[in-house]
Amino acid sequence: LYYVIAEIYSSVSVGVLFWQFANDVVPVAQAKRFYPLFAQMSGLAPVFAGQYVARYASKAENFSTSLNRLTAAVTVSGIMICTFYYLSNAYLDRTETKRGATLGTDGTAEAMVNKKSKPKLSMKESAKFLASNQYLRLIAMLVLGYGLSINFTEVMWKSLVKKQYSDPLDYQRFCHILWCACNSNPRLACRCSDHARCHGRS
């Protein structure tokens, strides 16, 4: 249950909520400008997380203590997300209010402040809308195929790594050092992998 919730929290909850907020804030005309920047900034997360696990969480006395340290980091990250989300919305409200005040009181300001409410679809209605649109249906099939191929490959790769590192802490340290190297510089992945392998055998 712990790993299922961790997978859903990282890949579904945080990702979907972030891009939903980004779609509400960033205009369509500015999407090409800001979305690549968001994607590049997200690549820093595995680097910091890998360093945290390799240098602190995996140095615990046992695997249970390591999980407690990881859970504490996730909790702090969640609190930071809620805080930044609140501050972002407060800033947007102040900006829209000031912008509306400069337009006068002829009704245009109110129209600018009060955004058009988007229709909220249920899961069933969203599935119907997705199935009725060929373009979205093809994109959904593409994303589904990508997710399946990545997960199948990851399962096979992790099973091989598990044979090399039977100790959970060594396995945890190796994976996060490798992910950190792959996201910071792909050329360092092989060197970092060799270093982690030698460290695991020692």
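How do the axes of helix α2 (residues 31-42) and helix α3 (residues 44-55) cross, and within what distance do they come? The legends below take up that pair and then some side-chain views, all from a predicted model.

**View 1. Helix α2 alongside helix α3.** In this close-up, the α2 and α3 axes come within 4 Å, and they cross at roughly 15°. Angles under 35 degrees count as roughly parallel, so α2 and α3 are roughly parallel to each other. On the α2 side, the contact is made by Gln40, Met41 and Ser42; on the α3 side, Leu44, Ala45 and Pro46 do the job. Sort the residues of this contact by character and you get 4 nonpolar, 2 polar and no charged.

**View 2. The salt bridge between Glu154 and Lys158 in helix α7.** The structure holds 2 salt bridges, and here is one of them, with the closest N and O atoms of Glu154 and Lys158 2.9 Å apart. Both residues sit in helix α7 (residues 134-164). They are 4 residues apart, which is about one turn of the helix. What about exposure? Glu154 has a relative accessible area of 29%, so it is partly exposed. Lys158 comes in at 26%, and that makes it partly exposed too.

**View 3. The salt bridge between Asp170 and Arg173 in helix α8.** Here the side chains of Asp170 and Arg173 meet, at 2.8 Å from N to O. Because Asp170 and Arg173 are 3 residues apart in helix α8 (residues 168-184), about one helical turn separates them. Are these two residues buried or exposed? Asp170 is buried, and Arg173 is buried as well.

**View 4. Gln172 of helix α8 and its surroundings.** Gln172 is found in helix α8, the helix that also holds Asp170 and Arg173. With a relative accessible area of 7%, Gln172 is buried; the cut-off for that label is under 20%. Which residues does Gln172 contact, leaving aside its neighbours within four places in sequence? The list runs Val53, Ala57, Ser58, Phe63, Ser66 and Leu70.

**View 5. A polar contact between Gln172 and Ser66.** Zooming in on one partner from that list, the side chains of Gln172 and Ser66 are joined by a polar contact of 2.7 Å. Val53, another residue in contact with Gln172, can be picked out here too, along with Phe63 and Leu70, also in contact with Gln172.

Methods: Residues numbered from 1 in each chain as written. Predicted model: local features only at pLDDT ≥ 70, side-chain atom pairs only at ≥ 80, totals over all residues. Heavy atoms only, no water. Axes fitted to C-alpha atoms, helices over the stretch in contact; angles between N-to-C directions. Helix = DSSP H or I, 4+ residues; strand = E, 2+ residues; numbered from the N terminus. Parallel < 35°, antiparallel > 145°, perpendicular 65-115°, else oblique. Contact = heavy atoms within 4.5 Å. Nonpolar A, V, L, I, M, F, W, Y, C, P; charged D, E, K, R; others polar. Salt bridge = Lys/Arg side-chain N within 4 Å of Asp/Glu carboxyl O. Buried < 20%, exposed > 50% of the residue type's maximum accessible area, 1.4 Å probe, protein only. Polar contact = N/O pair within 3.5 Å; in protein donor to acceptor, adjacent residues only side chain to side chain.
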